[in-house]
Amino acid sequence: MELSDANLQTLTEYLKKTLDPDPTIRRPAEKFLESVEGSQNYPLLLLTLLEKSQENVIKVCASVTFKNYIKRNWRIVEDEPNKICESDRIAIKANIVPLMLSSPEQIQKQLSDAISIIGREDFPQKWPDLLTEMVNRFQSGDFHVINGVLRTAHSLFKRYREKGGGVWVVSLLFSWHVIYAFPSQDLPEFFEDNMETWMTNFHSLLTLDNKLLQTDDEEEAGLLELLKSQICDNAALYAQKYDEEFQPYLPRFVTAIWNLLVTTGQEVKYDLLVSNAIQFLASVCERPHYKHLFEDQNTLTSICEKVIVPNMEFRAADEEAFEDNSEEYIRRDLEGSDIDTRRRAACDLVRGLCKFFEGPVTGIFSGYVNSMLQEYAKNPSVNWKHKDAAIYLVTSLASKAQTQKHGITQANELVNLTEFFVNHIQPDLKSATVNEFPVLKADGIKYIMIFRNQVPKEQLLVSIPLLINHLQAESIVVHTYAAHALERLFTMRGTNNATLITAAEMAPFVEVLLTNLFKALTLPGSSENEYIMKAIMRSFSLLQESIIPYIPSVITQLTQKLLAVSKNPSKPHFNHYMFESICLSIRITCKANPEAVGSFEEALFLVFTEILQNDVQEFIPYVFQVMSLLLEMHKNEIPSSYMALFPHLLQPVLWERTGNIPPLVRLLQAYLERGASTIASAAADKIPGLLGVFQKLIASKANDHQGFYLLNSIIEHMPPESVDQYRKQIFILLFQRLQSSKTTKFIKSFLVFINLYCVRYGALALQEIFDSIQPKMFGMVLEKIIIPEIQKVSGQVEKKICAVGITKILTECPPMMDTEYTKLWIPLLQALIGLFELPEDDTIPDEEHFIDIEDTPGYQTAFSQLAFAGKKEHDPVGQMVNNPRIHLAQSLHKLSTACPGRVLSMLSTSLNAEALQYLQGYLQAASVSLL
């Protein structure tokens with residue numbers, strides 16, 4: 001692509017289209033940009049555009065597109081083509097820093113991020129002058145420039161947080177460069193003129209090695225509050241990490257922070273400060289040698305009265321968030337991201353105090369709880385916030401230990417949770433209207449979630465119809481909490497690991513449960529509510545065949561929802577649970593009636609076709625998984641609708657996206673398992689296409705195992721005559737890869753493959769094909785690969801395949817008994833017995849660095865495995881061999897019958913004693929002997 005005005009204009013037009021809300025305009029533009037981003041000069045066109053364009057929206061769009069391009073393509077992945085040509089890389093590094101520093105702040109942030117991404121790969125070895133160039137920019141005296149340098153430096157250096165103090169040296173040197181970049185007489189005026197920005201940057205520097213700080217409220221809080229907050233946070237860090245050194249100073253900090261707490265108001269802008277101050281007290285009070293600072297009864301009473309209770313209160317700001325910013329409220333409350341809220345800090349302080357003072361603290365708060373409940377009882381409509389605070393206090397008091405999965409796992413025995421539940425939680429949930437006192441209803445539902453392992457099961461069963469009823473609440477928080485509570489209850493496990501709430505116990509509620517869950521998705525603000533969809537998925541999983549009568553309605557609603565969200569996917573968790581629910585519908589129904597698979601295909605294929613045609617990248621990996629599940633439901637041959645799609649699955653463009661590879665391989669395996677002969681006869685010209693996919697995958701260290709999955713299915717299921725002409729070339733490709741970049745993962749997969757080949761075509765065929773490539777290669781493979789490496793194979797089925805294959809080599813390959821290969825017979829047998837009896841060799845050489853799928857760069861759709869689309873583990877030797885040890889004994893007996901005395905002679909003279917003992921055990925178990 002030339003750096004021309006015409007190309008700049010074209011790029012501008014397509015960038016504009018990517019901002020269009022209409023997917024029919026936006027998606028083709030995105031596809032076009034994706035198709036040209038591999039062209040030389042493409043990134044330079046973007047940089048030119050964001051520098052010269054007169055339209056700010058285009059400049060911003062170009063900067064974001066450039067950053068994402070860098071994120072996707074800058075990393076050079078071993079064994080894969082370089083996605084950015086070297087001249088473009090050089091030009092980018094030469095121009096990006098000055099361009100970033102001269103750009104407006106909105107664009108500066110994007111380019112700063114891009115520099116950090118490049119720096120992560122290239123700095124310092126491939127970009128040695130970056131730091132020098134940035135430091136030199138301090139000389140400009142332009143504060144905008146200096147601020148950009150500091151932002152970039154902070155982003156660039158933060159990856160060293162975990163690597164000790166070296167980053168401090170770099171960061172502090174960087175800071176001193178700022179000071180020395182100006183004559184001393186100019187410093188006071190310079191600092192005064194830029195005080196706010198300087199304070200912000202020094203605040204960022206203070207947090208550089210402190211991961212605990214979360215600054216959600218930074219925009220509301222002033223710089224002084226932020227600074228005080230950080231001091232409290234750092235003081236807590238010193239108290240925890242540098243106990244001995246900090247001990248002499250701690251009482252003064254406790255006094256100062258206490259005074260700060262009792263003099264700071266309830267305004268939202270102080271939330272972070274108060275939260276960090278309380279967290280400091282919480283971290284101190286649970287440490288044994290600071291216990292004396294809190295043990296006085298008056299001190300405990302004062303903390304409870306002046307710090308904890310006021311910060312438990314539900315404020316106007318909380319009520320506003322509950323009603324108007326429900327999604328954020330739920331995220332903070334349910335997902336534990338409210339770490340910087342006053343309430344969370346106050347709860348933590350209660351738990352901290354209870355560590356050493358459980359009795360006194362419980363006594364103090366019991367009085368407050370009773371008082372609050374009495375106030376509520378006097379006038380519920382006015383005093384409902386008193387009950388809200390009481391519930392929070394009880395929750396804090398009772399919670400000793402908890403997990404996200406199980407709720408409270410250890411409770412305060414001084415708090416009667418069941419009594420409080422029956423007297424104060426259930427009545428609110430049983431009230432006639434679900435829309436009255438929504439905060440208290442949310443509190444009650446959350447109480448069930450938190451204490452689900454502490455409340456008797458009969459009380460939980462009473463709660464289930466109440467929760468189902470609250471799925472219809474107008475408040476997003478209430479119906480979301482109800483869905484989440486049901487999902488958690490359905491996930492609970494008893495002592496035998498069985499589901500605690502059973503399908504039989506849920507039988508009376510199935511229809512109303514499913515009706516209300518799907519209706520909840522139609523409530524304002526919840527059309528893509530991930531908690532509701534997760535509850536749908538969990539309900540299907542629990543209820544199993546009980547949902548079959550409702551499947552026609554359910555699958556219609558799910559496909560309608562799928563079609564709607566595919567226009568603009570925005571909620572990854574919701575989408576994932578939706579596809580899981582579809583898979584469960586298929587599994588449960590087709591288990592009872594395999595013929596029903598056709599009705600699912602009829603319902604889903606129109607939507608799937610639209611997703612594939614519109615290239616909805618987020619959904620394509622899911623579609624392939626569901627199609628695999630559906631295809632595997634067919635028992636005989638592949639339907640024509642699938643065969644029509646088959647050639648398109650081999651298109652190279654599909655295999656370029658990392659997230660597509662595992663589900664595409666799975667889908668091709670399903671084709672081969674269900675209709676290899678159909679493919680061989682009706683689409684013989686597609687076999688080279690399949691092998692082309694295998695060749696591409698096998699060349700990648702990240703995906704070579706997927707290549708072997710595909711190859712194994714080809715070998716196992718394809719008619720032998722259809723692959724005869726390709727077999728030798730397959731082995732040549734594998735040996736070339738083995739020679740160029742051998743890894744443990746590749747070796748393990750290679751061992752499974754050659755033994756599967758041996759099982760499928762026979763040991764003699766394996767020996768002949770090896771020796772046809774190079775004389776005596778069979779012996780080299782045995783000696784250099786199979787015998788020394790077989791112990792590395794992992795997985796029950798994989799080990800079984802290898803055991804059966806090696807047994808065939810030992811007993812069904814004549815050259816092993818009467819050629820130079822005979823000397824390898826005993827070592828091979830000994831290796832096989834080792835595979836049976838010795839621990840797996842899981843060592844990996846230090847020089848091997850695997851590239852995980854998750855580590856590949858960019859915004860490519862990550863592969864998300866659908867748990868309910870997973871296929872059963874396939875054992876290709878299952879029908880042939882049950883117990884591979886018995887099989888070895890029987891095969892040796894058969895060989896010894898054909899060669900009397902020969903086998904016994906080799907065993908007695910060469911096999912080590914321990915291995916011989918194991919072998920005798922196999923023979924005895926098989927009730928055979930050697931002749």
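The following paragraphs describe the helical architecture of this chain, selected helix contacts and several local backbone features.

In the predicted model, the chain contains 47 helices and 2 strands. Of its 931 residues, 52% are buried. When contacts between residues at least 6 apart in sequence are considered, 74% of them join residues at least 24 apart.

Two helices were examined individually for their length and for the distribution of their buried residues. Helix H14, which comprises residues 250–263, has 14 residues that should span 20 Å at 1.5 Å a residue, and the separation of 20 Å between its end C-alpha atoms agrees with this expectation. Its buried residues are Leu 250, Val 254, Ile 257, Trp 258, Leu 260 and Leu 261. Viewed down the axis of H14, these buried residues fall within an arc of 160°, and they therefore line one face of the helix. In an α-helix there are 3.6 residues a turn, so residues three or four places apart point the same way. On the face of H14 turned away from the buried side, the exposed residues are Arg 252 and Thr 263.

Helix H38, formed by residues 727–740, likewise has end C-alpha atoms 20 Å apart, in agreement with the 20 Å that its 14 residues should span at 1.5 Å a residue. The buried residues of H38 are Arg 727, Ile 730, Phe 731, Leu 733, Leu 734, Phe 735, Arg 737 and Leu 738, a set that includes two arginines, Arg 727 and Arg 737. These buried residues pack against helix H35 (687–698), helix H36 (704–717), helix H37 (720–723), H39, H40 and H41.

Among the helices packed against H38 are H39 and H41, and these two also contact each other. The axes of H39 (residues 744–761) and H41 (residues 777–789) come within 10 Å and cross at roughly 110°, and the two helices are therefore roughly perpendicular to each other. On the H39 side the contact is made by Ile 747, Phe 750, Leu 751 and Ile 754, and on the H41 side by Val 781, Ile 785, Ile 786 and Glu 789. By residue class, the contact of H39 with H41 consists of 7 nonpolar residues, no polar residues and 1 charged residue.

Phe 770, located in helix H40 (residues 763–773), has a relative accessibility of 0% and therefore counts as buried. Apart from neighbours within four places in sequence, Phe 770 is in contact with Phe 731, Phe 735, Ile 754, Met 777, Phe 778 and Val 781. Of these partners, Phe 731 and Phe 735 are among the buried residues of H38, whereas Ile 754 and Val 781 take part in the contact between H39 and H41. Phe 770 and Val 781 are 11 residues apart along the chain, and their C-alpha atoms are separated by 8.4 Å.

A second helix pair is formed by H42 (residues 796–811) and H45 (residues 884–898), whose axes come within 10 Å and cross at roughly 5°; H42 and H45 are therefore roughly parallel to each other. In this contact, Lys 800, Ala 803, Val 804, Thr 807, Leu 810 and Thr 811 of H42 meet Pro 884, His 887, Leu 888, Ser 891, Leu 892 and Leu 895 of H45. The residues involved comprise 7 nonpolar, 4 polar and 1 charged.

Elsewhere in the chain, Ile 555 lies in helix H28 (residues 551–565) and, at 7% relative accessibility, counts as buried. Beyond its neighbours within four places in sequence, Ile 555 is in contact with Ile 582, Ser 585 and Phe 600. Although Ile 555 and Ile 582 are 27 residues apart in sequence, the distance from C-alpha to C-alpha is 7.1 Å.

Three loops contain backbone features of note. Most residues other than glycine have a negative phi, and most peptide bonds are trans. Asn 41, in the loop between helix H2 (23–36) and helix H3 (42–52), is not a glycine but has a positive phi of about 80°; at 17% relative accessibility, this residue counts as buried. Asp 615, in the loop between helix H30 (597–613) and helix H31 (620–633), also has a positive phi, of about 50°, without being a glycine, and is buried with a relative accessible area of 8%. Finally, a cis peptide bond with an omega of about 5° joins Phe 123 and Pro 124, and Pro 124 lies in the loop between helix H6 (105–122) and helix H7 (130–136).

Technical notes: Residues are numbered from 1 along each chain as its sequence is written. This is a predicted model: local features need pLDDT of at least 70, side-chain atom pairs count only at pLDDT 80 or more; totals for chains, interfaces and linings use all residues. Side-chain values use heavy atoms; hydrogens and water are left out. Axes are lines fitted to C-alpha atoms, for helices over the stretch in contact, and angles run from 0 to 180 degrees between N-to-C directions. Helices (H or I, at least four residues) and strands (E, at least two) are DSSP runs, numbered from the N terminus. Angles under 35 degrees count as roughly parallel, over 145 as roughly antiparallel, 65 to 115 as roughly perpendicular and the rest as oblique. Contact means heavy atoms within 4.5 Å. Ala, Val, Leu, Ile, Met, Phe, Trp, Tyr, Cys and Pro count as nonpolar, Asp, Glu, Lys and Arg as charged, and the others, Gly among them, as polar. The expected span of a helix is 1.5 Å times one less than its number of residues. Buried means under 20% relative accessible area, exposed over 50%, partly exposed in between (1.4 Å probe, protein chains only). The arc is that of the directions from the helix axis to the C-beta atoms.
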